[in-house]
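Reader: Mind if I grill you a bit about the ligand site and the cavities here?

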Amino acid sequence: MQFTRDEIIEILNDDSKNDWLFTLADKVRHDYVGDEVHLRGLIEFSNVCKRQCKYCGLRSENKVIDRYRIEPSDIIKYAENAVKMGYKTIVLQSGEDEYYSVDKICEIIKGIKALDVALTLSIGEKSYDEYKAFKDTGADRYLIRIETTDRNLYKAMHPNMDIDNRFRCLEDIKTLGYEVGTGSLVGLPNQTIEALADDILFFKKLGADMVGIGPFIPHPQTPLADADTGNFEIALKVMALTRLILPEINIPATTAMETLNANGRIIALKSGANVVMPNVTTTEYRAKYEIYPNKICINENPEQCRNCIGAKIKSIGRTISQNYGKSRHFRSKQ
Ligand code: SAH
């Protein structure tokens, strides 16, 4: 569907249209990408980060956090276990940790691709040559949220970073033939509804294959400790509008949504989302990957998470996909 910027702003501002929006997004999701939910096995393999993003608990200036790194051979073991449980996609996510050289990441990619799964990387800003090396070694998808397209807000939230480099990363990833994943944080301090509308229009302009939208949750060990928590409904509205405007893409029901609402992922799945990313590492690491507080499932093991989300998905009449779950938007381009 086509919406002008003004129409998007109007829908975001008008809560009397919420039921219409969520129901329509659910229908568009059904009509374009079907009732299958794609599960991605998420491995958060390092919480070491050189950046200082103001909202993120992994920021380098947080001296309280207990830092960890999972060795490549153990990362591959977690992936093997996830594949045995039926996962068809593995997502590797971390802070920007230079311990993992290009060679190390390529070693991990090789080990995981030998398991016959799709592989998504979410390891931050890299050079074209690094993205190329990962792609040539077998990585299929790359996730890097733009976080916000508002230049001033981006600058305020990301000391020593440059939004144009973030855009460059996304263009490189697209040029290299990855499935492109991006997205935004909703509810950052001083973020306007207009800026959220611009984020949605950016996802379209970029031609994103996957878009993840999550509410901002203040972390106590960050400069935004006292900021207001993002609004669940607004995040859901941004997600639902993204489904209407980009009907063929993959949209995760994000973990941050479930942190703000006990039924958040199911609500998201009924409002346009078609992907869930359960954690497939063991409990020793889960609490430590604290990008925001009160993360869900920190005391659960991979089997428990898989069974729990599987039962929830079935309870709303949806099925769990048995294929790699490539974005229909991406397939349409090929
Ligand atoms: N270093 C990688 C992965 C970042 S963590 C990268 O730069 O892409 C994944 C996502 O967590 C981020 O993109 C951000 O949108 C989200 N996040 C970070 N801090 C958050 C917070 N306080 N509340 C909600 N989401 C947060």
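Author: Sure, what follows is a short round of questions and answers on a predicted model.

Reader: How many residues surround the ligand, and which are the closest?

Author: With a cut-off of 4 Å between heavy atoms, the shell comes to 16 residues. The closest of these are Y55, S94, R145, E147 and I217.

Reader: Which class of residue leads in that shell: nonpolar, polar or charged?

Author: Split by class, the shell has three charged and four polar residues. The rest of the tally is nine, and that goes to the class you asked about: nonpolar.

Reader: Which residue has a polar side-chain atom 2.6 Å from an oxygen atom of the ligand?

Author: Let's go through the polar contacts. S94 uses a polar backbone atom, 3.0 Å from a nitrogen atom of the ligand. I217 also offers a polar backbone atom, at 2.8 Å from a ligand nitrogen. The side-chain contact at 2.6 Å to a ligand oxygen belongs to E147.

Reader: And what share of the ligand's exposed area does the protein bury?

Author: Start from the ligand taken alone, which exposes 560 Å². Of that area, the protein buries 91%.

Reader: Moving on to cavities, how much space lies in the second largest one?

Author: Counting cavities of 30 Å³ or more gives two. For the second largest, the space is about 30 Å³.

Reader: What lines that second largest cavity, and how many of the lining residues are charged?

Author: The lining consists of F45, S94, G95, E96, D97, Y100, I105, I123 and K126. Four of the lining residues are nonpolar and two are polar. The charged ones number three.

Note on methods:
Residues are numbered from 1 along each chain as its sequence is written. This is a predicted model: local features need pLDDT of at least 70, side-chain atom pairs count only at pLDDT 80 or more; totals for chains, interfaces and linings use all residues. Side-chain values use heavy atoms; hydrogens and water are left out. A polar contact is a pair of N or O atoms within 3.5 Å; within protein, one must be able to donate a hydrogen and the other to accept it, and residues adjacent in sequence count only if both atoms are side-chain atoms. Accessible areas come from the Shrake-Rupley method with a 1.4 Å probe; for residues, only the protein chains shown count as cover. Ala, Val, Leu, Ile, Met, Phe, Trp, Tyr, Cys and Pro count as nonpolar, Asp, Glu, Lys and Arg as charged, and the others, Gly among them, as polar. On a 1 Å grid over the protein atoms alone, a cavity is a set of points where a 1.4 Å probe fits but cannot get out, and a pocket is an open set with protein on both sides within 12 Å along at least five of seven lines; lining residues have an atom within 4 Å of a point. Grid points are joined across faces, edges and corners, and a volume is the space filled by probe spheres set on the points.
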